[in-house]
Amino acid sequence: MVEMDARRFEALVAAALDEVPAPLAEALDNVMIRIRTGRRTGGLLGKYEGIPLTERDDYGGWGHAPMPDQVTIYRLPICEMCDSDEAVVEQVRITVIHELAHHFGIDDHRLDELGWA
């Protein structure tokens, strides 16, 4: 287990988000990123909640957009599974990319095939 304070972990999540290519980052304007300290049942490292872009209809303009999608990254489960700071950096990166992929309509099966499970 790696001990890491919330501020450092938040910086790692921000760094992972900075790696998202600009064309994809522009499609994240309706996504809220949250960091939670606690655990989720089922051993989740992250969670996407929302409507993937591939499933959205035309919402009819201003005032009709859906609520922001949410990506939650769980600090303790990630830190508990890692044995070094470098491993935490990599796992945060993987988890952020994995959860954002759901926003773009990529399911867990496909992420597993791509090596991002």
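These legends go with a set of close-up views of one predicted protein model.

**View 1. The whole chain, before we zoom in.**
Let's start with the overall layout: this predicted model has five helices and three strands. Walk along the sequence and you meet them in the order α-α-β-β-β-α-α-α. The radius of gyration is 15 Å, close to the 13 Å that the globule rule gives for 117 residues, so the protein is as compact as a globular protein of that length. If you lay a ruler along the principal axes, the C-alpha trace spans about 50 × 30 × 30 Å. Of the 117 residues, 33% are buried. Now look at contacts between residues with a separation of 6 or more: 72% of them join residues 24 or more positions apart.

**View 2. How sure is the predictor?**
Across the protein the pLDDT averages 89, and 91% of the residues score at least 70. Among the elements, helix H1 (residues 6–18) has the highest mean, at 97. Helix H2 (residues 22–25) has the lowest, at 89. A handy habit for any model like this: where pLDDT is low, don't read the predicted coordinates in detail.

**View 3. The surface and its charges.**
Here's the outside of the protein, with an accessible surface of about 7300 Å². Carbon and sulfur atoms own 52% of that area. As for charge, count 11 positive side chains and 22 negative ones. The centres of those two sets sit 6 Å apart.

**View 4. Thr 95, tucked into helix H4.**
Helix H4 covers residues 85–103, and Thr 95 is part of it. Is Thr 95 buried or exposed? Its relative accessible area is 3%, and the cut-off for buried is under 20%, so Thr 95 counts as buried. Who are its neighbours? Leaving out residues up to four places away in sequence, Thr 95 touches Leu 45, Gly 46, Ile 73 and Ile 78.

**View 5. His 103, a residue with plenty to touch.**
Stay in helix H4 and find His 103. Its relative accessibility is 0%, so His 103 counts as buried. Which residues does His 103 touch, not counting those up to four places away in sequence? The list runs Ala 27, Leu 28, Val 31, Tyr 48, Pro 52, Leu 53, Arg 56 and Asp 69.

**View 6. Ile 97, also in helix H4.**
Ile 97 is another residue of helix H4. With 27% relative accessibility, Ile 97 is partly exposed; that label is for values between the 20% and 50% cut-offs. Now trace the chain back to Val 20, which is 77 residues away from Ile 97 in sequence. In space, the C-alpha atoms of Ile 97 and Val 20 are separated by 8.2 Å.

**View 7. Leu 111 in helix H5.**
Helix H5 takes in residues 108–114, and Leu 111 is found there. Leu 111 has a relative accessible area of 2%, so this residue is buried. Skip residues up to four places away in sequence, and Leu 111 touches His 98, Ala 101, His 102, Ile 106, Trp 116 and Ala 117. Pick Ala 101 from that group: Leu 111 and Ala 101 are 10 residues apart in sequence, and their C-alpha atoms are 8.0 Å apart.

**View 8. Arg 110, and a long reach to Thr 37.**
Arg 110 is in helix H5 too. What is its relative accessible area? For Arg 110 the figure is 40%, so this residue is partly exposed. Arg 110 and Thr 37 are 73 residues apart along the chain, and 28 Å separates their C-alpha atoms.

**View 9. Ile 51, out in a loop.**
Where is Ile 51 found? Look in the loop between strand E2 (46–49) and strand E3 (69–74). Ile 51 has a relative accessible area of 32% and is partly exposed. To link this view to the previous one, compare Ile 51 with Arg 110: they are 59 residues apart in sequence, and 18 Å apart from C-alpha to C-alpha.

Technical notes: Residues numbered from 1 in each chain as written. Predicted model: local features only at pLDDT ≥ 70, side-chain atom pairs only at ≥ 80, totals over all residues. Heavy atoms only, no water. Helix = DSSP H or I, 4+ residues; strand = E, 2+ residues; numbered from the N terminus. Buried < 20%, exposed > 50% of the residue type's maximum accessible area, 1.4 Å probe, protein only. Contact = heavy atoms within 4.5 Å. pLDDT = per-residue confidence, 0-100. Rg over C-alpha atoms; globule rule 2.2 N^0.38 Å. Areas by Shrake-Rupley, 256 points an atom, 1.4 Å probe, with all protein chains shown as cover. Lys, Arg positive; Asp, Glu negative; His and termini not counted. Charge placed at Lys NZ, Arg CZ, Asp CG, Glu CD.
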